[in-house]
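Take a look at the model below. We will start with one meeting of two helices, then step back to a whole chain.

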Amino acid sequence: MEEEGSAAGSGPRVNDFSVQVATVNGTGSQSANLVLLRTLFRMGIMASGKNLFPSNIAGLPTWFTIRVSGDGWIGSRRDHEVVVAFNRDTVTEDLEAVAEGGIVYVDDKFETPQREGITVHRVPFTAIVRDACPEARLRKLVANMAYVGVLAQQLGLDMNEVEAAIGAQFENKPKAVDLNLATVRAASAWAAENLPSQNVFRVERGTATKGKILIEGNRAGAYGAVFGGVQVAAWYPITPSSSLAEALIEQLGQLRLNPDTGKASYAVVQAEDELAALGMVIGAGWAGARAMTATSGPGISLMAEFAGLAHFTETPAVVVDVQRMGPSTGLPTRTSQGDVLSLALLSHGDTMHPVLFPAGPDEYFSMMVEAFDIAARLQTIIFVAADLDLGMNWWIAEPLAYPEAPIDQGKVLSVEEIERLTEWGRYRDVDGDGIPYRTLPGTPDPRAAVFIRGSGHDENARYSEDAGNNIKLLERLRRKLLDNVGLLPSPTVDEGGGAKVGIVAYGTSHWATAEARDILGREGLAASYLRIRSWPFDQRVLDFVARHERVYVVEQNRDGQLAQLLTVAVPEHAARVRSIGYCGGLPLPVEVVLESIREQEREV
Amino acid sequence: MATGAEKKPQENRIGLTIADYKGGKSTLCGGCGHDVITNAIIRAFHEMAVEPEKVAKLSGIGCSSKTPTYFLDRAHGFNGVHGRMPAMATGAAIANGRLQVIGVSGDGDTASIGMGQFVHLLRRNVPMIYIVENNGVYGLTKGQFSATADLGSKLKTGVVNELPPVDLCGLAIELGASFVARSFAGDVKQLVGILEAAIAHRGTALIDVISPCVTFNNHPGSTKSYDYAKDHEAPVHQIEFVPFFDHPMVEQEPGQVREVQMYDGSVVRFRPVEEDYDPRDRHGAWHHLKEAAVRSEILTGILYVDEKKPDFLQILDLGETPLVDFPVDKLRPSRAALDAVNASLMEG
């Protein structure tokens with residue numbers, strides 16, 4: 001064991017380090033990890049927590065990383081300065097993951113390999129828990145709290161905030177709170193007595209989280225549906241989207257019961273599969289309800305045929321894709337942006353669908369709200385492309401912003417409007433914007449009735465196989481989307497003052513990319529930054545590519561799927577587009593972006 | 001004075017004639033059983049005086065799924081994708097509980113590609129009429145066997161079906177469906193009575209109708225031909241339907257007639273044909289079906305009915321107001337509600 005302070009290769013790192021905890025899944029480690037994150041949040045320190053877990057219920061390795069950043073960067077980092085090795089099976093690789101000069105807290109019963117340049121503290125976790133928790137059968141439940149206690153003492157967490165965090169985590173259930181707190185205190189006391197004080201990686205109270213919220217991403221997305229006015233939600237359980245549907249059920253019960261009758265103003269149906277889920281959404285959307293489903297990649301594949309039906313019959317539908325790593329079953333509990341091309345063009349024939357890319361919980365919320373309006377306005381299926389990192393991790397984020405625009409139901413003809421019209425056709429482009437008018441089933445006027453179909457149809461919705469008609473229809477459907485991209489969330493642009501290099505990211509790739517750009521800037525590489533928030537791209541995206549000599553597109557898939565869409569959108573500048581695609585399934589590490597851009601820029 | 005006034009088309013109690021329930025011209029083959037069913041639907045909806053604008057018609061893909069354009073032009077319709085009508089109908093029924101939903105499907109659409117959705121629709125008891133126009137073959141793709149073709153049934157080409165059939169009615173009873181009927185396109189009177197009872201029902205009304213395909217499956221050796229079905233049809237009862245708006249007749253022969261009161265107040269009277277048949281006896285219905293199959297009989301009639309089973313809208317605890325009728329401002333919680341959400345999330 002090395003001496004105190006020897007880890008300080010470069011002086012104290014206050015509020016600027018990364019912690020990794022290695023545990024076994026199914027042991028309650030998520031509760032312990034969230035107590036740490038809640039404590040940092042309560043202390044006013046910006047941090048991010050990432051749960052890297054297996055597709056398994058109990059017994060396989062799981063890791064939780066916490067990035068503490070006084071500068072507010074919450075992207076993931078590959079290197080970790082503080083490591084808790086709580087899983088015997090992974091102790092060797094966990095020691096490998098420690099940054100030079102870092103500290104490891106390892107169970108004293110584990111055999112550990114020799115490694116130079118780091119500090120290893122052996123902690124009698126079992127004995128601490130045994131003494132803190134007299135009831136043997138409960139020890140398993142609180143065991144993880146032992147490392148919380150050790151870290152609290154070593155990193156300088158405020159014990160009052162740890163206590164409050166435990167209260168929040170266990171919903172103030174007295175027995176659970178007492179047991180967990182006792183374990184934390186015992187472990188903290190042990191560390192104070194037996195470990196040298198640790199002055200390199202420390203936290204200090206701040207104000208960075210003031211006015212911010214701490215929320216699991218999918219819960220924010222679900223709130224977006226609630227405030228977006230969802231009326232029918234149909235879903236089939238699939239990781240990592242299930243928690244959105246489950247949160248939605250809970251939130252609707254709290255916020256959307258009819259105050260007069262106590263009855264629901266919504267319906268949530270657990271469907272028999274993803275096909276049925278989207279089928280119900282389309283049926284409900286046709287009948288005039290704001291309807292949605294939430295799924296992940298395998299579900300998207302199954303929904304392909306129905307997506308084409310919604311597109312072609314011009315029926316509103318909102319689909320959330322909480323992306324996970326494919327192809328096939330892939331890595332069901334690892335994050336990805338691998339569905340972008342699928343979503344944009346889902347289904348056979350010429351189809352195209354608007355896709356929204358939320359980066360954080362507050363945007364997940366606002367884009368869900370907007371998605372219902374856009375689906376109704378454009379009369380089409382729309383995808384909200386979230387991912388596992390956003391959906392299943394807890395984020396310190398901006399508060400959820402109340403929607404300022406009223407709910408938009410789009411061009412729906414009322415019975416009075418029908419009566420005033422001498423004639424009308426379901427698919428006529430009356431306004432020249434490619435968007436027709438629709439009527440809803442049940443409208444009490446015989447002239448409102450329309451029979452719609454997934455087969456060829458003319459502008460009066462009559463069956464048609466006519467060549468000219470089909471060309472006209474498919475052209476209008478394209479125009480309907482491309483001429484109305486202004487309805488979609490526009491990109492955010494941060495110009496680098498004449499920089500030759502442009503960087504593009506979207507969704508959760510934003511966090512690592514923004515930090516990488518900042519580091520590159522300090523190294524002398526100025527770059528403009530554009531964050532795409534929707535597809536099809538608007539003119540600002542195309543102009544951005546045209547203004548920069550080299551445009552790096554950062555995303556979490558192998559093939560640079562959004563980069564491909566970009567090269568198609570600006571073929572004359574296709575050679576400028578350079579893809580940085582990461583398909584490791586972990587939340588995008590800053591180092592991956594940094595190293596890739598550095599390397600490619602060296603070759604220029 | 002004109003004494004023999006022109007015979008006016010008969011108006012129903014909401015002042016509509018049969019013409020108001022008609023649709024476009026059928027493009028099916030002459031003599032197709034499906035056209036008979038279409039006409040029975042038109043009659044039943046007219047006689048029950050259903051407002052056509054309150055009806056939503058849905059279908060999947062296949063010859064049968066074309067038929068919703070042939071009836072109730074004044075109703076909205078949606079012809080979707082193959083085998084997925086049940087999910088779309090479920091969504092529509094949930095969104096607007098005032099719609100009278102009718103889905104038309106075929107044996108391929110229901111018993112093969114759509115089997116998954118079909119069984120779950122029955123489990124949920126979604127309020128709708130679900131008609132299977134059952135001819136044992138895929139017509140639009142020119143005559144391949146479907147999953148309801150009987151073992152040993154022969155195609156025109158001589159190919160013999162070697163797989164056992166799916167019995168949609170037996171399956172529906174097994175899964176707890178609340179209204180299960182079988183009929184035959186050659187028995188219009190019975191079919192109209194069943195359809196009227198189905199309109200009066202709340203929950204899923206499954207009606208499996210043997211509907212011969214005159215082009216691909218109406219030859220000797222087929223067990224779904226007109227001749228075969230006529231020879232093998234075995235009605236379990238005669239159906240007399242008394243709509244809720246007609247004065248119910250009181251006189252009846254005691255012990256001879258069973259009566260079931262439907263959800264809307266209509267009454268269905270069942271007059272036994274041979275032995276007594278109780279359509280409220282689920283196990284009995286199932287046994288009758290199995291025994292009839294052994295005798296190669298096609299049991300027809302309302303095989304099972306349960307008017308007490310909650311439908312899916314009741315299970316979802318939806319109120320009287322259809323979801324789509326909620327004013328827009330009721331769909332978004334208040335700014336204060338979101339403030340409270342944010343405040344709680346700020347506590348960490």
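Find helix H10 of chain A, residues 274-286, and helix H3 of chain B, residues 85-95. This is a predicted model. In it, the axes of these two helices come within 6 Å. They cross at roughly 45 degrees. Angles under 35 degrees would count as roughly parallel, and 65 to 115 as roughly perpendicular. H10(A) and H3(B) are therefore oblique to each other. Their crossing is right-handed.

Which residues of the two helices meet? On the H10(A) side they include A:Leu275, A:Ala276, A:Gly279 and A:Met280. Further along H10(A), A:Val281, A:Ile282, A:Gly283, A:Ala284 and A:Trp286 also take part. On the H3(B) side, the partners include B:Ala87, B:Met88, B:Ala89 and B:Thr90. B:Gly91, B:Ala92, B:Ile94 and B:Ala95 belong to the H3(B) side too. What classes of residue make up this contact of H10(A) with H3(B)? It has 13 nonpolar residues, 4 polar ones and no charged ones.

Now step back to chain B. It holds 11 helices and 13 strands. Its radius of gyration is 22 Å, close to the 20 Å that the globule rule gives for 348 residues, so chain B is as compact as a globular protein of that length. Along its principal axes, the C-alpha trace of chain B spans about 75 × 65 × 45 Å.

How much of chain B is buried? Of its 348 residues, 54% count as buried. Contacts also link distant parts of the sequence. Take the contacts in chain B with a separation of 6 or more: residues 24 or more positions apart account for 73% of them.

Methods:
Residues are numbered from 1 along each chain as its sequence is written. Chains are lettered from A and ligands numbered from 1 in the order in which they are written. This is a predicted model: local features need pLDDT of at least 70, side-chain atom pairs count only at pLDDT 80 or more; totals for chains, interfaces and linings use all residues. Helices (H or I, at least four residues) and strands (E, at least two) are DSSP runs, numbered from the N terminus. The radius of gyration is taken over C-alpha atoms; the globule rule is 2.2 Å times the number of residues to the power 0.38. A residue is buried if 20 or more other C-beta atoms lie within 10 Å of its own, exposed if 12 or fewer, and partly exposed in between; C-beta atoms are placed from the backbone. Two residues are in contact if their C-beta atoms, placed from the backbone, lie within 7 Å. Axes are lines fitted to C-alpha atoms, for helices over the stretch in contact, and angles run from 0 to 180 degrees between N-to-C directions. Angles under 35 degrees count as roughly parallel, over 145 as roughly antiparallel, 65 to 115 as roughly perpendicular and the rest as oblique. A crossing is left-handed if the near helix is turned anticlockwise from the far one by less than a right angle, and right-handed if clockwise. Ala, Val, Leu, Ile, Met, Phe, Trp, Tyr, Cys and Pro count as nonpolar, Asp, Glu, Lys and Arg as charged, and the others, Gly among them, as polar.
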